[in-house]
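Visitor: I have a model open and would like to understand the words used for its empty spaces and its helix packing. Could you walk me through them?
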Amino acid sequence: MTHIWVNNRLMNRNEATIDPEDRGYQFGDGVYEVVKVYDGNLFEMTAHIDRFYRSADELRIVIPYTKDVLHKMVYDLVEADQLETGHVYMQITRGVAERQHYFPENATAVFTAYTQVSERPIEQFENGISALLYEDIRWLRCDIKSLNLLGAVLAKQAAHEANCDEAILHRGNIVTEGSSSNVYGIKDGKVYTHPANNLILNGITRQVVLRCAEEEGIEVIEEAMTVEALLAMDEVFFTSTGAEVSPIVKINDTVIQNGKPGPWTRKLQQAFNAKVQQSITI
């Protein structure tokens, strides 16, 4: 990454500065998105932009660009960095103001965006990962993709210390999602996942995978699972912008599908990959 958007200016990264009274820095008062780039193409960009604006609306932050202008700004960033495979991170905060908890009257929103090279995790697709169960301690508006990520950070750190790649969150006995992903179980050829309400983020990859399931004739049941039900699933997988469709083959001490990715997960991986290839050739 060599370039970064700061408001209306595309500049070199070493030129960029953040005011210490930016409310994103002090309060986490902002929202963000991460968009995958395949072969220089922004994947599901319209859906990401729509969610970006929705999250900002929920926090009453006004984005000072139309959706078309924002799309063009991000596209110009990808071109400037000549990014082939990776992602774009973009965020907007309420802006810079003297520190006080209630909304400042005259603050102007601050937009930033940058790229990062990241290859598709092929080994993870093929072999799956181990996951750790972790109590969901986040706030009750997980549907907003806000900058407040400490609950997810603590869960991810716990997973890392346990030599796991992801934490599966649960509120009491109810499974919600991963620390940075959506989680699914498959039983008797049916996909189970938490409904898209305030307790989870309705992931863009999640939305694509559910469309894939419908097109493949795979029944999806959007209802909350217990921890016991998850551990008894035939297959478990998780999705995110970076992980795409990745199998989970072990949860704590429970081995899933004999420790190997299952056939239904494979089918959804193939269907998702077809969507990726289609987006590249358009």
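Guide: Happily! Let us begin inside this predicted model, where the largest cavity is lined by Lys-36, Tyr-38, Phe-43, His-48, Ile-204, Thr-205, Thr-241 and Phe-272. Strand S3 (30-38) and H6 are the elements that give two or more residues to that lining.

Visitor: What makes this space a cavity rather than a pocket?
Guide: The word cavity is used because a 1.4 Å probe fits at its points but cannot get out. The space in the largest cavity comes to about 40 Å³.

Visitor: How many cavities of 30 Å³ or more are there?
Guide: The count is two. The second largest cavity has a volume of about 30 Å³.

Visitor: What makes the lining of the largest cavity four nonpolar, three polar and one charged?
Guide: Set the names against the classes. Tyr, Phe and Ile count as nonpolar and Lys as charged, so His and Thr fall among the polar ones. With the residues listed for this lining, that gives the division into four nonpolar, three polar and one charged.

Visitor: Which residues line the second largest cavity?
Guide: Among them are Glu-235, Val-236, Pro-247, Ile-248, Val-249 and Lys-260. Strand S14 (235-240) and strand S15 (244-251) each supply at least two residues, and S15 gives the largest share, three residues. By class, this lining has six nonpolar, three polar and two charged residues. Gly-262 is one of the lining residues, and Gly counts as polar.

Visitor: What makes a space a pocket instead?
Guide: A pocket is an open set of points, with protein on both sides within 12 Å along at least five of seven lines. The largest pocket here has a volume of about 1,100 Å³. It is lined by 44 residues, and those closest to its centre are Tyr-32, Lys-145, Ser-179, Ser-180 and Ser-181.

Visitor: Which element gives the largest share of the lining of the largest pocket?
Guide: That is H5, with five residues. Helix H5 (150-161) is one of the elements that each supply at least two residues, and others include strand S5 (86-93), strand S6 (110-117) and strand S9 (174-178). The classes are 16 nonpolar, 18 polar and ten charged.

Visitor: And what about the second largest pocket?
Guide: Its volume is about 350 Å³. Of its 18 lining residues, Ile-18, Asp-22, Gln-91, Val-110 and Thr-112 lie nearest the centre. Strand S1 (3-6), helix H1 (23-27), S5 and S6 are the elements that give two or more residues to this lining. By class, the lining has ten nonpolar, six polar and two charged residues.

Visitor: Now to the helices. Why is H6 called roughly perpendicular to H8?
Guide: Helix H6 (residues 204-215) and helix H8 (residues 263-281) pack at an angle of about 110 degrees, with their axes 9 Å apart. Angles of 65 to 115 degrees count as roughly perpendicular, and therefore H6 is roughly perpendicular to H8. The crossing is right-handed.

Visitor: How do you know that H6 and H8 are in contact?
Guide: Contact means heavy atoms within 4.5 Å. Thr-205, Val-208, Val-209, Cys-212, Ala-213 and Glu-215 in H6 meet Leu-268, Ala-271, Phe-272 and Lys-275 in H8. These contact residues divide into seven nonpolar, one polar and two charged. Thr-205 and Phe-272 also appear in the lining of the largest cavity.

Methods: Residues are numbered from 1 along each chain as its sequence is written. This is a predicted model: local features need pLDDT of at least 70, side-chain atom pairs count only at pLDDT 80 or more; totals for chains, interfaces and linings use all residues. Side-chain values use heavy atoms; hydrogens and water are left out. Axes are lines fitted to C-alpha atoms, for helices over the stretch in contact, and angles run from 0 to 180 degrees between N-to-C directions. Helices (H or I, at least four residues) and strands (E, at least two) are DSSP runs, numbered from the N terminus. Angles under 35 degrees count as roughly parallel, over 145 as roughly antiparallel, 65 to 115 as roughly perpendicular and the rest as oblique. A crossing is left-handed if the near helix is turned anticlockwise from the far one by less than a right angle, and right-handed if clockwise. On a 1 Å grid over the protein atoms alone, a cavity is a set of points where a 1.4 Å probe fits but cannot get out, and a pocket is an open set with protein on both sides within 12 Å along at least five of seven lines; lining residues have an atom within 4 Å of a point. Grid points are joined across faces, edges and corners, and a volume is the space filled by probe spheres set on the points.
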